[in-house]
Amino acid sequence: VLVTIYADYIAPLFDKFIPLPEGELKQQIETMAKSIDFPLTKVYVVEGSKRSSHSNAYFYGFFKNKRIVLFDTLLEDYSALNKEPAEGEDGENEETKSKTKNKKQGCKNEEVLAVLGHELGHWKLGHTVKNIIISQMNSFLCFFLFAVLIGQKELFAAFGFYDTQPTLIGLMIIFQFIFSPYNEVLSFCLTVLSRRFEFQADAFAKELGKAKDLYSALIKLNKDNLGFPVSDWIFSMWHYSHPPLLERLQALKEAKQE
């Protein structure tokens, strides 16, 4: 509920959301959504270029009221960086104009559809629901263990509270110290699961025939988002919720060649 409230009422206070105009891209998005029974109601473009060059797309909404949001930096036709500078601008020289002209940001329509195919794959494969269930189970387990541990005098005595058992101190001890090893293990498991979900979503886009376009889109997004393609496999396995670019490209390479 909070996610929906944020997207509809809070986010528009900080960024400008406009409906995607009628055209080929919108028609293709609606066709793809219909092909996988995604209950799409609206498609928006958010003016994210004012804050950063980060490119992304996401969907939100409950039940039969789903909306898709595209960053303007994701779309070649909407990216402010790709727009021609106004004539007569002060301080504009030929070298600057040449750099602006050669530096393209965003993806073509086919690549945008491939990125959306990946995002819709998360919905079709139930990744969002699975993450919500895991989150709720974790919350239940944490509060259950808190209820069990808060009455243990030995726990407070270990931290110097021999005669009293203040609840607030118990809350800090349990969640900050006792749960610390558990949180590290849980974080690693969720990272592994997230990476698995990302590969599955890529495979879903591949099944939609978007392997070639997703391959090129991932390269462009990594460049636009200032990502570094090479990473240590141990560090990335522990910390990266998304697989490194080269691993995702390798998984798509076979289908691209086919």
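**View 1. Strands 3 and 4 pair antiparallel in this predicted model.**
Strand 4 covers residues 66-71. Its link to strand 3 consists of 4 bridges. Ala-57 faces Leu-70 of strand 4 across the pairing.

**View 2. The open sheet has 4 strands.**
Their order is 1-2-4-3, and the pairing is mixed. Strand 1 (17-19) and strand 3 (57-60) occupy the edges. Each has a single partner strand, so one side of each lacks a neighbour in the sheet. From one strand to the next, the twist averages 30°. In general, strands of a sheet pair through backbone hydrogen bonds, parallel or antiparallel.

**View 3. Helix 2 lies across two strands of the sheet, strand 2 and strand 4.**
The helix spans residues 24-35. Strand 2 spans 40-46. Helix 2 runs at about 140° to strand 2.

**View 4. Helix 5 packs against helix 8.**
Helix 5 comprises residues 127-149, and helix 8 comprises residues 180-207. Their axes come within 12 Å. The crossing angle is roughly 170°. Angles over 145 degrees count as roughly antiparallel, so helix 5 is roughly antiparallel to helix 8. From helix 5, the contact draws on His-127, Lys-130, Asn-131, Ile-134, Asn-138, Leu-141 and Cys-142. Helix 8 contributes Tyr-182, Leu-186, Leu-190, Leu-193, Phe-197, Gln-200 and Ala-201. By class, this contact holds 9 nonpolar, 4 polar and 1 charged residues.

**View 5. Ser-241 sits in the loop between helix 10 and helix 11.**
Helix 10 covers 233-239, and helix 11 covers 245-257. The relative accessibility of Ser-241 is 35%, so Ser-241 counts as partly exposed. Beyond its neighbours within four places in sequence, Ser-241 is in contact with Thr-191, Ser-194, Arg-195 and Glu-198. Ser-241 and Arg-195 lie 46 residues apart in sequence. In space, their C-alpha atoms are 5.7 Å apart.

**View 6. The whole protein chain contains 11 helices and 4 strands.**
The chain has 258 residues, of which 34% count as buried. Its exposed area is about 16400 Å². Carbon and sulfur atoms supply 59% of that area. Among contacts between residues at least 6 apart in sequence, 74% join residues at least 24 apart.

How values were computed: Residues are numbered from 1 along each chain as its sequence is written. This is a predicted model: local features need pLDDT of at least 70, side-chain atom pairs count only at pLDDT 80 or more; totals for chains, interfaces and linings use all residues. Side-chain values use heavy atoms; hydrogens and water are left out. Two strands pair if DSSP finds at least two bridges between them. Axes are lines fitted to C-alpha atoms, for helices over the stretch in contact, and angles run from 0 to 180 degrees between N-to-C directions. Contact means heavy atoms within 4.5 Å. Angles under 35 degrees count as roughly parallel, over 145 as roughly antiparallel, 65 to 115 as roughly perpendicular and the rest as oblique. Ala, Val, Leu, Ile, Met, Phe, Trp, Tyr, Cys and Pro count as nonpolar, Asp, Glu, Lys and Arg as charged, and the others, Gly among them, as polar. Buried means under 20% relative accessible area, exposed over 50%, partly exposed in between (1.4 Å probe, protein chains only). Accessible areas come from the Shrake-Rupley method with a 1.4 Å probe; for residues, only the protein chains shown count as cover.
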